[in-house]
Amino acid sequence: MNITSIITAHPRCIGHPRLAGWITAPAPSALNNFRIIYLVTQLVGITIIILVSCWIGIHLDGLAWSSKPSVQFNWHPLLMSVGMIFLYGNSILIYRGFRYARKKPLKITHATIHGAAFIFTVVALVAVFDSHNLAKPAPIPNMYTLHSWVGLTAVLLFSLQYVFGFAAYLFPGVREQLRKTYMPVHVFFGVAGFVLAIAAALLGLLEKAIFSVPNYSTLPPQAILINTLGLLYIVYGGLVVFLVTERQYKRHPLPEDVMLLTHSASVGSS
């Protein structure tokens, strides 16, 4: 007797929606397509970080902290690209990218990547506010551009998602029905926050190009690099959203996930 027949024979598993999803797992060809697109997504994300680093090193005088406020700003695009773009995207994809890992370790990994992204984001925000407030001869105003408004909205949505997601899926004692009800909300606002982060990054690139690149309209090398980064942000964001919304790529529960769920239900009803 194979594992499918063993599980489906269990009275609590018959008609179980999670088990049904596991039995109707995606076709191998669909998973092959997923792996290719997932790999391309990772390569694009890594390329973004490399190009941002090159932009900072070649055109923006490298990195520094509060002793050089204008250079301290450079931490902002770097850490935001790592945190709110690359790590945020990978956190969203963790369940589909590692579909054969058990659910609980994936939850912990998902929360850990989100936590790392949050730390990068906080440092990036400190860097940009310091670079404005410590500027000489006079401070630069904060929070007046569309980039700053969209960016702060993305950060707030990301932070709320982290808090509510942690409470719903990692905090012990939460009812399974409540988690199931909240899941569509969690997924929607997670993707919405990521899309806002991509939009904020594009607005930030445009703002920096207009303020800092001489003769931007003639497309000097820095302008070409900035425009290329913008296109890569769009490609990376589009690929992440596609991979996480395409139904045939959805992770289906493993047999041990279902058995753990039914065991918990048995304990709760005994």
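Where is Y249 found? Select Y249 to begin the tour: the residue sits in the loop between α9 (221-245) and α10 (255-269), where helices (H or I, at least four residues) and strands (E, at least two) are DSSP runs numbered from the N terminus.

Before going further, keep in mind that this is a predicted model, in which local features need pLDDT of at least 70 and side-chain atom pairs count only at pLDDT 80 or more, while totals for chains, interfaces and linings use all residues. Residues are numbered from 1 along each chain as its sequence is written, and side-chain values use heavy atoms, with hydrogens and water left out.

**The whole chain**

Show the chain as a cartoon, and ten helices and zero strands appear, so that the order from the N terminus is α-α-α-α-α-α-α-α-α-α by the DSSP assignment. Of the 270 residues, 45% are buried, a label that means under 20% relative accessible area, with exposed meaning over 50% and partly exposed lying in between (1.4 Å probe, protein chains only). Among contacts (heavy atoms within 4.5 Å) with a separation of 6 or more, 75% are between residues 24 or more positions apart. The chain exposes about 14700 Å², of which carbon and sulfur atoms supply 72%; accessible areas come from the Shrake-Rupley method with a 1.4 Å probe, and for residues only the protein chains shown count as cover.

**The annotated spans**

Next, colour residues 36-58, 78-98, 110-129, 149-171, 183-203 and 223-244, which an unreviewed UniProt entry lists under "transmembrane region"; the positions follow the numbering used here, feature names are shortened, and annotations may be inferred rather than shown by experiment. Two of these spans can be checked against the model. Residues 149-171 are 91% helix and 0% strand, with their end C-alpha atoms 32 Å apart, and residues 223-244 are 100% helix and 0% strand, with their end C-alpha atoms 32 Å apart.

**Back to Y249 and on to α3**

Return to Y249, which counts as buried because its relative accessibility is 3%. Leaving aside neighbours within four places in sequence, Y249 is in contact with A30, N33, F34, I37, R96, R99, F242 and L243. Add G97 to the selection: its C-alpha atom is separated from that of Y249 by 9.3 Å, although the two residues are 152 residues apart along the chain.

From that contact list, follow F34 to Y38; both lie in helix α3 (residues 28-59), four residues apart, about one turn of the helix. Rings of Phe, Tyr and Trp (its six-membered ring) pair if their centres lie within 6.5 Å, and planes under 30 degrees apart count as stacked, over 60 as edge-to-face and the rest as tilted. The count by this rule comes to nine aromatic pairs. F34 and Y38 form a stacked pair, at 5.6 Å centre to centre with 20 degrees between the planes. F34 is buried because its relative accessibility is 3%, and Y38 is buried at 15%. For a further group of rings, select F86, Y88, F158, F194 and Y236, which ring pairs link into a cluster.

**From V155 to the surface at V122**

Which residues is V155 in contact with, leaving aside its neighbours within four places in sequence? They are M80, M84, T121 and L125, and V155 itself is found in helix α7 (residues 146-169), buried with a relative accessible area of 9%. The C-alpha atoms of V155 and V122 are separated by 9.2 Å, with their positions 33 residues apart along the chain.

V122 lies in helix α6 (residues 103-133) and counts as partly exposed because its relative accessibility is 38%. Switch to a surface view here, where W65, F118, I119, V122, V123 and V126 make a nonpolar surface patch of about 480 Å².

**Backbone geometry in the loops**

Most residues other than glycine have a negative phi, and most peptide bonds are trans. Three loop sites are worth selecting against that background. The peptide bond from K136 to P137 is cis, with omega near 5 degrees, and P137 is found in the loop between α6 and α7. D61, in the loop between α3 and α4 (69-72), has a positive phi near 70 degrees and is exposed, with a relative accessible area of 67%. Finish at N215, in the loop between α8 (176-212) and α9, where phi is also positive, near 55 degrees, and the residue is exposed with a relative accessible area of 57%.

Technical notes
Patches are made of residues with over 30% relative accessible area and no salt bridge: like charges are joined within 9 Å, nonpolar side chains (Val, Leu, Ile, Met, Phe, Trp, Tyr) within 5 Å. A salt bridge is a side-chain nitrogen of Lys or Arg within 4 Å of a carboxyl oxygen of Asp or Glu.
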